[in-house]
Every structure is written in C-alpha cells, then in structure tokens.
Amino acid sequence: QILWSPDGKWIALAGLIPQEHARPIADMYVVRSDGSKTTKLTQSSRDLNGIFCQPDSKSLLFFEYGENPDIFQIDISSKEIAPLMDHPVPAVPAGYSTDSDRLLVWNGESGKMSLIDFSAGGTMIPLAGSGGYDSYPAWSSYGQKIIYMCRTGDSHDICLMNADGSAQINLTAGSGVANYWPSISPDGKWIVYLTASENQWNTMIISADGSKKKQVTDVIGLI
C-alpha cells in the first residue's frame, strides 16, 4: 500500500511482512517526496489494512484487525497512535469527501459500505450498495460518485453510484469475466479496471454510463 499526502510533501507506505497461515502484518513508513528522509512510524508490526492520509497531511488513518477491530490515526511527527472515534469502527477507511466532512469506509467481513459524517458528530450512514459483497470503494475527483467492486454470487463486477448511495449502476453485468480494482478518471467520465479470465488479465476502460467499453492492454499471467 502506497500513497501521496494531500500536500504532496511525503509518501506513505505499508511494508507487508508475510506470515505462515495468517494475514501479512505490516510496518508503516513515510518518505519525503524528494527521497531525502525515510521515517518508520510503527514501533512494532501491526495487522493492518487501508492506510489513508488525513486531509491536513499531519496524520495517517489505518484499520487494524484483532479482537477489537478499529480505525486508528497515527501522528507523523510524534508517532502517537489513537482511535479515530470514541467508539470502535470495524471498517477500512477509503477516503474523504471533497469537503472533508465525510469519510468513506467499508467492512471486510460484511461487504457493506458506510459514510462517517463528521459534520453530524461522527454519525455512521449506511450506503445501500449492490446488495451483495461490496469492497474497495473510492470517490470520484469531485465527490459526486463512488466507484466500487461488487460481488453477487460468482459474479465479480464494477459498480458506480451517487455519493448518497442512489442511482446504482452495474457497469460490467453479464461480461462473463471477473472484474477488479476500478479507478475513475479525474473528469468522472471513464473508469479503468482489470478483468481476469483463465489466468489472462486485461486492462479495460468503460464510460461512466456503461455505454462504451474498450480493452487497452492485455497481460498473460498473474499481476
């Protein structure tokens, strides 16, 4: 996992450490964008997922598994770790809205998405989603849409909806292949994603209304 800070001054990453018969654990680091300094933030490896930068670029969010799964924040200067909320939030952070008032999260066990509305005291707002298992959501650049992976039965698809959970569209329904890892273009008009079929991975782009689709690359083997 690797990402830029909002101010562009540093890069955050989680270095995964494989574990036999268990999920990988990770250490978190920040690196100055010019490469001049690397700082290890975590004092011990953690069972974490979904690192994300706070809007002020001063701290990171991450989800930690365990007996009491929760979202934590770690201060980049002091390295102090504290829960994000005053109650456990068993969900993976996926990004802030453009006004920074809402945090998009998803639950890895239930496959459900929610918004944490900080303007309403941290209220959790469930998003309807596809009704199946939904994962890895992301905002569009202007915060009007949410793109996510949606799974119903054996079908792995790419879905799009408004930021309030309305007007859901399954963009890849009936494609006959598994579809993964969508990313929406800055203008919100196109989605790029991967398809997998018989160990062949292709890169596709599709219009946000699902009317136009094009294969842009193909790679034989596992990415």
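**Strand pairing around β10 and in a four-stranded sheet**

In this predicted model, strand β10 teams up with strand β11 (residues 113-117), and five bridges tie the two together in the antiparallel sense. One of the matched pairs puts L103 across from its bridge partner I116 in β11. Between β10 and β11 sit six residues, and the two strands make a hairpin. In that turn, G111 has a positive phi of about 70°.

β10 also has a partner in strand β9 (residues 92-96): these two run antiparallel and are joined by four bridges. Here V92 stands opposite W106 in β10. β9 and β10 make a hairpin as well, this time with five residues in between. S100 lies in the turn and shows a positive phi of about 65°.

So how enclosed is β10 itself? Strand β10 covers residues 102-106, and four of its five residues are buried, which means the rest of the structure largely encloses it. For burial, the cut-off is under 20% relative accessible area.

Further along the chain there is an open sheet to look at. It is built from four strands, lined up as β13-β14-β15-β16, with antiparallel pairing. At the edges are β13 (133-139) and β16 (169-170), each of which pairs on one side only. As general background, strands of a sheet pair through backbone hydrogen bonds, and they can do so in a parallel or an antiparallel way. Edge strand β16 pairs with strand β15 (residues 155-162) over two bridges, in the antiparallel sense. Within this part of the sheet, C159 stands opposite N170 in β16.

How values were computed:
Residues are numbered from 1 along each chain as its sequence is written. This is a predicted model: local features need pLDDT of at least 70, side-chain atom pairs count only at pLDDT 80 or more; totals for chains, interfaces and linings use all residues. Side-chain values use heavy atoms; hydrogens and water are left out. Two strands pair if DSSP finds at least two bridges between them. Buried means under 20% relative accessible area, exposed over 50%, partly exposed in between (1.4 Å probe, protein chains only).
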